[in-house]
There are 2 protein chains.
Amino acid sequence: MIEKLNVVPFVSVDHMMKLVLAIGVERFLVELADEIETDFRRWESFDKTPRVASHSKEGVIELMPTSDGEVYGFKYVNGHPKNTREGRQTVTAFGVLADVGTGYPVLLTEMTILTALRTAATSALAAKHLAPRGARTMAMIGNGAQAEFQALAFKALLGVDRLRLYDIDRTASVKCVRNLAGMGLDMTICGSIEEAMEGVQIVTTVTADKQNATILTDNMVGTGLHINAVGGDCPGKTELHPDILRRSDIFVEYPPQTRIEGEIQQLPPDHPVTELWQVIAGRAPGRSDARQITLFDSVGFAIEDFSALRYVKRQIERTGLYEELDLLADPDDPRDLFGMLLRAQAAAPTAA
Amino acid sequence: MIEKLNVVPFVSVDHMMKLVLAIGVERFLVELADEIETDFRRWESFDKTPRVASHSKEGVIELMPTSDGEVYGFKYVNGHPKNTREGRQTVTAFGVLADVGTGYPVLLTEMTILTALRTAATSALAAKHLAPRGARTMAMIGNGAQAEFQALAFKALLGVDRLRLYDIDRTASVKCVRNLAGMGLDMTICGSIEEAMEGVQIVTTVTADKQNATILTDNMVGTGLHINAVGGDCPGKTELHPDILRRSDIFVEYPPQTRIEGEIQQLPPDHPVTELWQVIAGRAPGRSDARQITLFDSVGFAIEDFSALRYVKRQIERTGLYEELDLLADPDDPRDLFGMLLRAQAAAPTAA
């Protein structure tokens, strides 16, 4: 790219869709998981801070910043469960990468689609280390906007090719089956959570209510299961009965954040958990026993967004799938911001 | 505006310049100061948090969020003093307003120019309450990117029409005089800070070094002066000798932030200060004595950006000076994010 100091590359929703389709969803998920894995291995080189949340009665707006000392990234993301009733997304997001050396943004991108992809890639990455070997069957409880991305990530990274779907709204499951048709998945729509759980090695819970719900109760969870708990991701929003948590080995992204937002908000603050990055870096065991119940208490962390932003930046440089945004004031003399305004006036006298 | 759920209005640098010129710089500053004053009067209705800063050797990147329960706003802003040596701005910024009810962004705008305007408007607003009555002469120490905005804000809000300029780089002062020529200001370029301080009622310090500097020493500050200290705005970056602070009545935006970032980082953490909003709301006295030295220890606070964002939003709705950004994924069925991707593929089969 030619350096124009005022310009920030911008990836619109349309460009993001074109990029994902050009690369292919499954390959995108695999490459994104690789990128996240690479960053989790160098976890200690990142500035980490719990997200900065602004809660309201109907939802939450969050900023999720991180930096590795060379590149800075942040995501703006909301969570408003009631939005779907008004035709809006529960979660929308956009993100920014910036150069730490100059503070100048170098990428602005939609992240609604990208967040669904990175969440799914992170889930599958965790499962690669935690799920029973050779797992091929997964229950998916909650078949909304995230479901297909989760399904394809588990297929692409683990070879999971049998899905047992359940949603309180059956039309969501039907949508999921329709969207995933012809992609090599054997899918069954189930009439109850119990039915969905029959014979699975993995369960993904990805429901959206902003309240403490009990999607899974203790009796549904057999030995050896891997639980990918995605939906419980803010204070007061959980999906699992606490008895399940007490029987599981729990893996989390960033404990200070997960203790507030994850399933483990239901447990005492000193309940032992393992940080996923330590498993990935070979410093802590993942699954060590076929009878063990493993739980990835996913809430989403800034480093995953950082990885996704950096991946997208590289891909748009390769494909040209972006536009240029006139976001940064760039006077010829940087101390002459006011002069730039005067020259704009001289250039277009009628504007005044 | 017609509601298109995927679209966020975007104000580019070019549109911001057109907007400022269409309104007129002085009128813009006056209206913006009114907006800030209105929000300072209802200070208690805002969520307040110190900015979220990511410091590096060469600068800082910050996120500054706030919300009044109905509207949420944040600003991304960097501060990199060495940038000017590479032809870049020390400070660049952009900002976002969002609807708290849905979490959807409703405005994305450049804020490099807008930050200069809101900083100047806040300085002049503070001076309206703190400077000696009838003040007409101001020293301006530091004549960089912010200088002209400060000058015009003090002219427009207080009637200050005599400037005594000093910068370690005389070409900066010359630039300032050139830019402000014909705008009703009597300007004198001075050879030293001492000379600039002769006979002034107000001094504005707005230098940019990221280090503890001593722009003003105690002997330069006579009784009755109002000091508008703008440049000292992050840890380790101050402009005033601490003896000046001890002789002054100090007014700040948000104490938890100013104690870390402002001139008062040089004082014990319990040194008494007055919150500017309390003066504006009539709950605390401003200047009460002609001999008093008043100091506005300005660091910039999120509520000022919030006011500026809301002002700009109203002005672009009136003038149409914005473009539409395809920032938010908006599938027909909000739970069908993946289906939107599939339909994009069907619409452009060659893209896959």
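This passage walks through the domain contact, the chain contact and the salt bridges of a predicted model.

Let's start inside chain A. The domain assignment splits chain A into domain 1, made of residues 7-113 plus 304-351, and domain 2, which covers 122-300. Their C-alpha centres sit 28 Å apart. On the domain 1 side 23 residues take part in the contact, and on the domain 2 side 29 residues do. Interface size is often quoted as the accessible area lost when the parts come together. For the two domains of chain A that comes to about 2,300 Å², with carbon and sulfur atoms supplying 63% of it.

Charge pairing shows up here as well: four salt bridges run between domain 1 and domain 2 of chain A. A:Arg51, for instance, forms a salt bridge with A:Glu261, and the closest N and O atoms are 2.8 Å apart. Polar contacts between the two domains of chain A add up to eight residue pairs, both residues being at pLDDT 80 or more. As for what domain 1 of chain A brings to the side that touches domain 2, the elements giving two or more residues are helix H2 (25-41), strand E2 (52-56) and strand E3 (59-67). H2(A) gives the most, with nine residues. Sorted by class, this side of domain 1 of chain A holds 10 nonpolar, five polar and eight charged residues.

Now for the contact between the chains. Chain B puts in 83 residues and chain A puts in 83 residues. About 7,100 Å² is buried between chain B and chain A, and carbon and sulfur atoms account for 68% of that area. On the chain B side, B:Leu21, B:Arg335 and B:Phe338 lose the most area to chain A, together 11% of what that side buries. B:Arg335 turns up again in a salt bridge with A:Asp169, at 2.6 Å from N to O. Across the interface of chain B and chain A there are two salt bridges, along with 30 residue pairs in polar contact, both residues at pLDDT 80 or more. Helix H11 of chain B (residues 337-347) supplies the largest share of the chain B side, namely eight residues. By class, the side of chain B that touches chain A has 45 nonpolar, 21 polar and 17 charged residues.

Over all chains, the salt bridge count reaches 56. Side chains of opposite charge can pair when their charged atoms come close. Helix H2 of chain A gives a handy local case: the side chains of A:Arg27 and A:Glu31 meet in a salt bridge at 2.8 Å, N to O. Both residues lie in that helix, four residues apart, or about one turn. A:Arg27 is partly exposed, with a relative accessible area of 45%, and A:Glu31 is also partly exposed, at 21%.

Another salt bridge, 3.2 Å from N to O, pairs A:Glu37 with A:Lys128. This one links distant parts of the chain, 91 residues apart: A:Glu37 belongs to helix H2 of chain A and A:Lys128 to helix H3 (residues 112-130) of chain A. A:Glu37 has a relative accessible area of 7%, so it counts as buried, whereas A:Lys128, at 40%, is partly exposed.

A:Glu86 and A:Arg88 make a further salt bridge, at 3.5 Å from N to O. A:Glu86 is partly exposed at 39% relative accessible area, while A:Arg88 is buried at 13%. There is also a network in chain A, in which salt bridges that share partners join A:Glu35, A:Asp39, A:Arg42, A:Asp68, A:Arg310 and A:Arg314.

Finally, a look at A:Asp305, which is placed in helix H10 (residues 302-319) of chain A. A:Asp305 counts as buried because its relative accessibility is 1%, under the 20% cut-off. Leaving aside residues up to four places away in sequence, A:Asp305 touches A:Met64, A:Lys75, A:Met111, A:Thr115 and A:Arg118. With A:Lys75 there is a polar contact too, joining the two side chains at 3.0 Å.

Key
Residues are numbered from 1 along each chain as its sequence is written. Chains are lettered from A and ligands numbered from 1 in the order in which they are written. This is a predicted model: local features need pLDDT of at least 70, side-chain atom pairs count only at pLDDT 80 or more; totals for chains, interfaces and linings use all residues. Side-chain values use heavy atoms; hydrogens and water are left out. Domain bounds come from an automatic or database domain assignment. Contact means heavy atoms within 4.5 Å. Buried area is the accessible area (1.4 Å probe) that two parts lose on being put together, summed over both. A polar contact is a pair of N or O atoms within 3.5 Å; within protein, one must be able to donate a hydrogen and the other to accept it, and residues adjacent in sequence count only if both atoms are side-chain atoms. Ala, Val, Leu, Ile, Met, Phe, Trp, Tyr, Cys and Pro count as nonpolar, Asp, Glu, Lys and Arg as charged, and the others, Gly among them, as polar. Buried means under 20% relative accessible area, exposed over 50%, partly exposed in between (1.4 Å probe, protein chains only).
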